[in-house]
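Reader: I have a model open and would like to learn how to read its aromatic residues. Could you take me through them?

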Amino acid sequence: KGTYGQSNWIGAENTAQANTLLAVINDEAYFTNPATLSYLKSKSLHLAYQQVYPIEGLSNKAFWVNIPTKNLVFAAGADLFGDQYYHESNIGLAIAKKQDRVAMGVKLAYQNIGIKEMLNRSKLMAEFGLLVNINKKLDIGMQAINLTNYKDPTIVNLGFGFKASKQ
């Protein structure tokens with residue numbers, strides 16, 4: 001997700017599925033693919049704390065809110081990874097819209113990365129998401145991260161969602 005040490009597996013479903021939710025619609029879309037936000041129908045507020053490894057300082061803390069309107073879905077959120085020696089923090093806003101079988105979303109975030117007494121770097125990050133519904137059973141999701149910073153690489157993720165049955 002354009003960061004260095006953070007896993008960005010925010011939310012229980014995303015963690016359980018190993019950060020593979022690019023083409024899956026859920027409330028954790030703010031952290032997975034901003035395009036999938038466009039499918040949300042109700043407002044929601046979320047808080048998350050995850051410590052994947054039993055090491056102090058290797059934990060994620062996050063909150064996000066999803067606000068659907070008639071034509072667009074808005075989201076805002078923030079997350080923090082690390083401790084006083086190394087940390088990554090992000091705060092951002094997202095907007096998404098669905099038109100027929102195509103959904104698009106954009107997220108802008110302010111990111112800060114710090115290593116005690118060595119580095120304190122901040123930057124604006126842009127993320128673009130796309131979700132295409134091929135048919136009733138198949139979706140394709142794409143996410144491009146770090147579209148605003150030429151010094152760091154742009155990361156493009158692609159995923160497929162297959163609905164085997166309604167159950």
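Reader: Is Phe-81 buried or exposed?

Author: Buried means under 20% relative accessible area, exposed over 50%, and partly exposed in between, with a 1.4 Å probe and protein chains only. Phe-81 has 7% relative accessibility, so it counts as buried. This is a predicted model, where local features need pLDDT of at least 70, side-chain atom pairs count only at pLDDT 80 or more, and totals for chains, interfaces and linings use all residues. Residues are numbered from 1 along each chain as its sequence is written, and side-chain values use heavy atoms, leaving out hydrogens and water.

Reader: How many aromatic pairs does the structure hold?

Author: Rings of Phe, Tyr and Trp (its six-membered ring) pair if their centres lie within 6.5 Å; planes under 30 degrees apart are stacked, over 60 edge-to-face, and the rest tilted. The structure holds 3 such pairs. In one of them, Phe-31 and Trp-64 meet edge-to-face, 5.1 Å centre to centre with 90° between the planes.

Reader: Which parts does that pair tie together?

Author: Helices (H or I, at least four residues) and strands (E, at least two) are DSSP runs, numbered from the N terminus. Phe-31 lies in helix H2 (residues 29-32) and Trp-64 in strand E2 (residues 60-68), so the pair links parts 33 residues apart in sequence. Both Phe-31 and Trp-64 are buried.

Reader: Which residues form an aromatic cluster?

Author: Tyr-30 joins Phe-31 and Trp-64 in one cluster.
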